[in-house]
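Reader: Please take me through one part of this model in detail. I would like to see how its side chains and helices meet.

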Amino acid sequence: MKRLIILVLACVLLVAPLAEANSWGWWTPVMPNVQSPGWSQPSWPNPSPTPTPNPNPNPNPNPNPNPNPNPNPNPQPNPGAPILPSQPSHPGTKVPLPNPSLSSDEQSLINQVNQERIKNGQRALTIDYSLVALAKKKSHDMAVNNYFSHVSPTLGTVYTMLDAAGISYSRAGENIARTGSVSRAHPLFMNSAGHRANILHSGYTHIGVGIVKQGTSYHITQIFIKK
């Protein structure tokens, strides 16, 4: 009986340490291998050090300032100073003002317009000399300012010109051309759908044409209105 008791006590003493070790090993956290890729030791920001007050503050950090600084040894001219105009070395060719009377070329273009209208069953347009003056003004403006557009940088559109001249109208249109020969102007107009439509439009009653020559080019303007 005593031997049995001693044997049981001996077994208890041997098993108790093993059970404690297993329990501890199960709760112990497993740290990652420092050589494992993708892992690194955590880093924490260092607290900002407390600034140390300066026992002898100096309000002027530069004890020897330069009394006469010169950051720009080569100053530019005063930007407010006006720049005087200078004469260009090669001034552009001046375009003389057109003769206010109707020229033979202008009359010829009007005649060709009316011939087309009669041939297509439309009434001939009446010459309006106020429109002739505006057409000459527009052609001259294109020649002087070297542009080719229905919108003038100085005169605006044909509607602006008519309004400024005090001409009453209920419908208006404009054809312009720039060509080396006046005789080519009418075929050019008739071969263009938009220009041809203006020439043959049944709503127009009056016309004015102006031709201005610049060098070897002719600037041609036709103005149509309905009164």
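Author: What follows covers an aromatic pair and then a helix-helix contact. The model is predicted, and the description below is confined to what can be computed from its atoms.

The aromatic pair comes before the helices. A search of the whole structure finds one such pair. Its members are Y204 and F224, whose rings are stacked, with 5.5 Å centre to centre and 20 degrees between the planes. The planes count as stacked because the angle is under 30 degrees. Y204 sits in the loop between helix 6 (193-200) and strand 3 (206-214), while F224 belongs to strand 4 (residues 217-226), so the pair ties together parts that are 20 residues apart in sequence. Y204 has 6% relative accessibility and counts as buried. F224, at 0% relative accessibility, is buried as well. The cut-off for buried is under 20%.

The helix contact involves helix 3 (residues 129-145) and helix 4 (residues 158-165), whose axes come within 11 Å and cross at roughly 130 degrees. That angle makes helix 3 oblique to helix 4. The crossing of helix 3 past helix 4 is right-handed. On the helix 3 side, the residues in contact are L131, L134 and K138; they meet M161, L162 and A165 of helix 4. Sorted by class, this contact has five nonpolar residues, no polar residues and one charged residue. K138 is the charged one, because Lys counts as charged.

Terms used:
Residues are numbered from 1 along each chain as its sequence is written. This is a predicted model: local features need pLDDT of at least 70, side-chain atom pairs count only at pLDDT 80 or more; totals for chains, interfaces and linings use all residues. Side-chain values use heavy atoms; hydrogens and water are left out. Rings of Phe, Tyr and Trp (its six-membered ring) pair if their centres lie within 6.5 Å; planes under 30 degrees apart count as stacked, over 60 as edge-to-face and the rest as tilted. Helices (H or I, at least four residues) and strands (E, at least two) are DSSP runs, numbered from the N terminus. Buried means under 20% relative accessible area, exposed over 50%, partly exposed in between (1.4 Å probe, protein chains only). Axes are lines fitted to C-alpha atoms, for helices over the stretch in contact, and angles run from 0 to 180 degrees between N-to-C directions. Angles under 35 degrees count as roughly parallel, over 145 as roughly antiparallel, 65 to 115 as roughly perpendicular and the rest as oblique. A crossing is left-handed if the near helix is turned anticlockwise from the far one by less than a right angle, and right-handed if clockwise. Contact means heavy atoms within 4.5 Å.
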